[in-house]
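Subject: Structure handover

Hello,

Here is the structure I said I would pass on. My notes on what was found follow directly below it.

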Amino acid sequence: WPAQPLTIRKPCGLVQSPTLRQLFALMMPTPRACCSSCASLNWNARLALIVSPINMVGVGLTESTMAAFAFLITRSNFLVGLSSTVSGLALLLVAPCAGCLADRVGRQAVLRLPRAP
């Protein structure tokens, strides 16, 4: 069976390749709403509910790997705990400021900030 390319036929008869949003919509059909708050979830909320767990798996793997690496280098539980605490406190202090800055100047500018020379 040759693989058929995925296309979307518009009402006017025009055939086009699907956009990323249309592909995600095919993968994430709108669920039946169990209540009115579930029915009001828009595209961004549904996408966040899918992407957030994936992101947290990555963060968990990174944090545990860094802790194991720190223990291999220092052989000290105290220093591993201290580095994890400092990392968490830095995130706690920077995240609200970055959020306020993103509201004022735009998200793209804040995301480009760490890469600025």
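Residues 24 or more positions apart account for 3% of the contacts in the protein chain with a separation of 6 or more. Please keep in mind that this is a predicted model. Burial in the chain comes to 6% of its 117 residues. The accessible surface is about 10,100 Å², and carbon and sulfur atoms hold 69% of that area.

As for secondary structure, the protein chain has five helices and two strands. Read from the N terminus, the order of the elements is β-β-α-α-α-α-α.

Most of my notes concern one helix pair and the loop that joins it. Helix H3 covers residues 43-74 and helix H4 covers residues 77-105; their axes come within 9 Å and cross at roughly 145°. The crossing is right-handed. On the H3 side, the contact is made by Glu63, Ala67, Ala70, Phe71 and Thr74. On the H4 side, the residues are Asn77, Leu79, Val80 and Ser87. By type, the residues of this contact are five nonpolar, three polar and one charged.

Some C-alpha distances across the pair may be useful as reference values. Ala67, in helix H3, is separated from Ser84 by 7.3 Å, C-alpha to C-alpha, with their positions 17 residues apart along the chain. The distance from Ala67 to Gly81 is 8.1 Å on the same atoms, at 14 residues apart in sequence. Gly81 itself belongs to helix H4. For Phe69, which is also placed in helix H3, the C-alpha distance to Val80 is 9.0 Å, and these two are 11 residues apart along the chain.

How accessible are Ala67, Gly81 and Phe69? Ala67 has a relative accessibility of 22%, so it counts as partly exposed and not as buried, the limit for buried being under 20%. Gly81 is at 32% and is partly exposed. Phe69 is partly exposed too, with a relative accessible area of 49%; exposed would require over 50%.

The loop between H3 and H4 has two residues worth a note. Arg75 lies in this loop. Its phi is positive, at about 55°, although Arg75 is not a glycine. Arg75 has a relative accessible area of 58% and is therefore classed as exposed, the cut-off being over 50%.

Ser76 is placed in the loop between H3 and H4 as well. Is Ser76 buried or exposed? Its relative accessible area is 19%, and because buried means under 20%, Ser76 is classed as buried. The side chain of Ser76 also reaches the backbone nitrogen of Leu79, at 3.3 Å. Leu79 is one of the H4 residues in the contact with H3.

To recap the loop, Arg75 is exposed, whereas Ser76 is buried. To recap the helix pair, H3 and H4 cross at roughly 145°, and the crossing is right-handed.

Regards

Methods
Residues are numbered from 1 along each chain as its sequence is written. This is a predicted model: local features need pLDDT of at least 70, side-chain atom pairs count only at pLDDT 80 or more; totals for chains, interfaces and linings use all residues. Side-chain values use heavy atoms; hydrogens and water are left out. Axes are lines fitted to C-alpha atoms, for helices over the stretch in contact, and angles run from 0 to 180 degrees between N-to-C directions. Helices (H or I, at least four residues) and strands (E, at least two) are DSSP runs, numbered from the N terminus. A crossing is left-handed if the near helix is turned anticlockwise from the far one by less than a right angle, and right-handed if clockwise. Contact means heavy atoms within 4.5 Å. Ala, Val, Leu, Ile, Met, Phe, Trp, Tyr, Cys and Pro count as nonpolar, Asp, Glu, Lys and Arg as charged, and the others, Gly among them, as polar. Buried means under 20% relative accessible area, exposed over 50%, partly exposed in between (1.4 Å probe, protein chains only). A polar contact is a pair of N or O atoms within 3.5 Å; within protein, one must be able to donate a hydrogen and the other to accept it, and residues adjacent in sequence count only if both atoms are side-chain atoms. Accessible areas come from the Shrake-Rupley method with a 1.4 Å probe; for residues, only the protein chains shown count as cover.
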